[in-house]
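Biologist: Could you walk me through this model? I have a few quick questions.
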Number of protein chains: 2
Amino acid sequence: MAEPTKYLAFTHRLVMVGFGSIGQGVLPLIMRHLEIRPEQIQILCPDESGLAVAEEYGIGFRRVALTPDNYRAQLEPLLGPGDFLLNLSVDVSSVALFSFAAERGALYLDTCIEPWLGGYTDASAAPAERTNYALREKALEAGRKLGADAPTCVLTHGANPGLVSHFAKQALLDIARDTGTETGNPAGQAGWSDLARRLGVKVIHVAERDTQVPTTPKRPGEFVNTWSVDGFYSEGCQPAELGWGTHEKGLPADGRRHDSGSDAAIYLLRPGASTRVRTWTPLAGPINGFLITHNESISLADYLTVRDGGKAVYRPTVHYAYHPCDSAVLSVHELSGRQWQMQEAKRLIVDEVQPGGIDELGVLLCGHGRNAYWYGSQLSVDEARRLAPHNNATSLQVTIPVFAGLVWACENPKRGLVEPEQMDHERILEICRPYLGPVVGVYGDWTPLHRREELFAEDIDRDDPWQFKNIRVV
Amino acid sequence: MAEPTKYLAFTHRLVMVGFGSIGQGVLPLIMRHLEIRPEQIQILCPDESGLAVAEEYGIGFRRVALTPDNYRAQLEPLLGPGDFLLNLSVDVSSVALFSFAAERGALYLDTCIEPWLGGYTDASAAPAERTNYALREKALEAGRKLGADAPTCVLTHGANPGLVSHFAKQALLDIARDTGTETGNPAGQAGWSDLARRLGVKVIHVAERDTQVPTTPKRPGEFVNTWSVDGFYSEGCQPAELGWGTHEKGLPADGRRHDSGSDAAIYLLRPGASTRVRTWTPLAGPINGFLITHNESISLADYLTVRDGGKAVYRPTVHYAYHPCDSAVLSVHELSGRQWQMQEAKRLIVDEVQPGGIDELGVLLCGHGRNAYWYGSQLSVDEARRLAPHNNATSLQVTIPVFAGLVWACENPKRGLVEPEQMDHERILEICRPYLGPVVGVYGDWTPLHRREELFAEDIDRDDPWQFKNIRVV
Ligand SMILES: NC(=O)c1ccc[n+]([C@@H]2O[C@H](COP(=O)([O-])OP(=O)(O)OC[C@H]3O[C@@H](n4cnc5c(N)ncnc54)[C@H](O)[C@@H]3O)[C@@H](O)[C@H]2O)c1
Ligand SMILES: NC(=O)c1ccc[n+]([C@@H]2O[C@H](COP(=O)([O-])OP(=O)(O)OC[C@H]3O[C@@H](n4cnc5c(N)ncnc54)[C@H](O)[C@@H]3O)[C@@H](O)[C@H]2O)c1
């Protein structure tokens, strides 16, 4: 193997909050691709399941859970100007952490906008308050307070949210190329949204099919997943959410708009983990996925909105269509039968994944001149293992953009709060590509009307295949 | 092991049509518990996957598929007075076969009312015509033509339909005992329906949770099941159907009544395999099952109807709530994503089942003085294997009632067409019990309102937990 690229000489301190599947998976990438010494890194994490990995790399590990009461005291001695706060935890508020990092002059990155413990499933809060939309509005507001040239805080830069927004830009360029459309070399929001509009993109799915299989089958009463069980549980119990396209003819009966903010997305009055949608990936073909809420459904829809005098005149519908690994499908099915009471046992499978599985993760852009275009990564667990230790296919698709985002933030240290869409997709994809396995763009003739109504009449819109009502599985 | 009971000296010929998981599983029971010689038995079956089992027992195997054109010619030389036609096939019309058997003076048994090939999924037929209700009405009509003292034709006598109707009677007696209710020693339809009414049974689920796991996990593009893949596919694609209780306040929006016949059941304008219901079993707790149509949903509801001047004044809602083995749940999920186009590969797991799985199959009677009572079999695959060769837990729960029905028919040879409810439940349970593993009756405080609306408001009926709208998962 050639000497690994060293993207940066990192001379400051790096604090990692949380050290689960993503923390453990990103550490080898950091050690390999930064000039950095173990002494510069400190892990804060309440559970010691990652301790052996930390020790393998000689990293300090402090067993502590951050809370609203202790986070300032815990982080203050560890963070100063130029240092980096990498938040890879669950149950620790992103807003609290990035605000504090900026206050200390430190850079920041996370992979999802996390509230403090229980925020996602606080039954006393109205559904609207439990949405990612609400979390994002609060984060953006806190970001505005920091100012535009504050230390860079990268929000939600994993695989999805994160990498997929860069995939979407690449996909737009590919479709432009293949339909003979001028790209206009889009640089900022206005350029990209205009390109999406001119291409006629009506729908963007984050279309994912994970075929990884554990060596021991899921047992009754056990939630099995290829990444954070807690993370998936929390987002699965949030209301389903989707960026709401301007081509949509009518709001679903259980759909609601928000009173304030970007208005780029709606939510449904039901958990995403019980809401299924039709989608398509090149390897899997037509599949049903779960409409799990994700920040990119809102941020990408918002970013691709064309406004005319404040009024949205173009926006695609954007949402996740997630077919997790089969064991997680079963876990969700069981969870639903339990009325969303978490199973007694949780199992996050990394080393315990059988050979052969693939996490096929990409964006599916629909409704343009070439119908549907999927662009993304088809990374197998076997290739992931060859590429980096302590990863499965799913985690590596997250950890390499985490790493790339960290590099980008260091290269662009005074950008204040940014979402993935505001970053340079070429730079990120350049850093990520060697770790993504086959990265392919494939056109498909699939639509959600494909083979419908063969046995039963359905309430569908034959005039426009790309209406959400056609996508949704009822 | 004690010398096995020989229930009968069987002196006639036995023709088995179809020799899949059920045929192969029942043969050892027949050889063990009947006085019979291999030469008396003939198998007719188009595929040779069961050939080795037939040869093991020295049974003649003719490779032939019965069709509307050839069945008379094929069967005529094999069937005469006192002979037995055991129909354990898919895609061979039950009505054609039992009518012909009766014509020849032969006895008959099947495990489901099967139409000729394609009948279940004939898209040119209206949903009402693809129901089990329609199949049953046709079968009953053909039965009436035979007359009441025709050779006995036992319709639908497997586990479910079949055994579960006997479980239901036993459960009614148990609940009567435990609530201090006079049973009135019910003998016929009037007695049993009156007992159910007096107990206040509103809902009967056939509540099944199969936890058997294959040694090799389900692969993408493969349908895996513990019994006939074709059989499950066909019934899963039929409209969901349920015996419709008199306590139900309103028809579901997608529910339809039939124009003629018993009026005991309704159907939904959607496949059962896409229709989920809440249920409960003692080992699994609260689970979601599929509302797959089954004959017992109709026949048991019909049997337990109390009429007053032709008008139904009491009837429980009766339906299947089937949580198949996890691999089959995944198969159904995948199939739904494929818009019900059958997967490329099918795998029926019998020998390939890992140790430890249990098929928990019983009836759940709800709404009476003790809330909910589950009565049924908790047979593990390990025990099934100890009890009989060529069976898993699921098949043994089917094959022993097939065998018991055969014995009962021979003991009662002039009863014309009978459904399980018209048979003697004590005799059947007596023959079956040694093969069912733990047979238990358990009360539960579960209702479908259990833990509802913790995160989202739902359209539910708080006044009567046992409304179907509360049971259904939307
Ligand atoms: N954007 C993406 O593509 C993507 C993908 C996967 C995961 N994620 C997110 O990344 C985060 C980590 O995922 P994971 O798979 O590593 O999860 P994980 O469950 O494996 O690990 C979570 C870690 O957080 C720690 N933690 C819990 N409470 C804490 C507290 N109070 N203070 C500090 N640490 C605490 C846990 O001990 C654990 O080490 C989650 O928020 C998840 O939603 C994002
Ligand atoms: N009542 C119950 O509890 C219950 C349970 C399981 C199965 N069943 C029913 O029993 C039947 C058999 O189930 P299985 O699991 O053995 O199914 P299987 O798929 O294993 O076997 C079906 C058999 O039918 C044969 N067959 C197909 N077409 C035929 C034709 N034209 N002529 C003759 N034979 C033909 C096949 O070759 C095969 O041997 C199915 O109808 C199924 O629905 C009922």
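Biologist: How much of chain A counts as buried?
Modeller: In this predicted model, 65% of the 474 residues of chain A count as buried, where buried means under 20% relative accessible area, exposed over 50% and partly exposed in between, with a 1.4 Å probe and protein chains only.
Biologist: And what area does chain A expose?
Modeller: Chain A exposes about 16,300 Å², of which carbon and sulfur atoms supply 49%, by the Shrake-Rupley method with a 1.4 Å probe, and for residues only the protein chains shown count as cover.
Biologist: Before we go on, what should I know about the numbering and the filters?
Modeller: Residues are numbered from 1 along each chain as its sequence is written, and chains are lettered from A and ligands numbered from 1 in the order in which they are written. Local features need pLDDT of at least 70 and side-chain atom pairs count only at pLDDT 80 or more, while totals for chains, interfaces and linings use all residues, and side-chain values use heavy atoms, without hydrogens and water.
Biologist: What box do the C-alpha atoms of chain A fill?
Modeller: Taken along the principal axes, the box is roughly 65 × 55 × 50 Å.
Biologist: Changing topic, what is the strand order in the open sheet of chain B?
Modeller: The seven strands run 5-4-2-6-7-8-22 with parallel pairing; strands are DSSP runs of E, at least two residues, numbered from the N terminus, and two of them pair if DSSP finds at least two bridges between them.
Biologist: Which strands stand at the edges?
Modeller: Strand 5 (60-62) and strand 22 (417-418) of chain B each have a single partner strand, so one side of each is left without a neighbour in the sheet.
Biologist: And which residue stands opposite B:Val418?
Modeller: That is B:Val154; strand 8 (residues 153-154) of chain B pairs with strand 22 of chain B in the parallel sense over two bridges.

Key
Helices (H or I, at least four residues) and strands (E, at least two) are DSSP runs, numbered from the N terminus.
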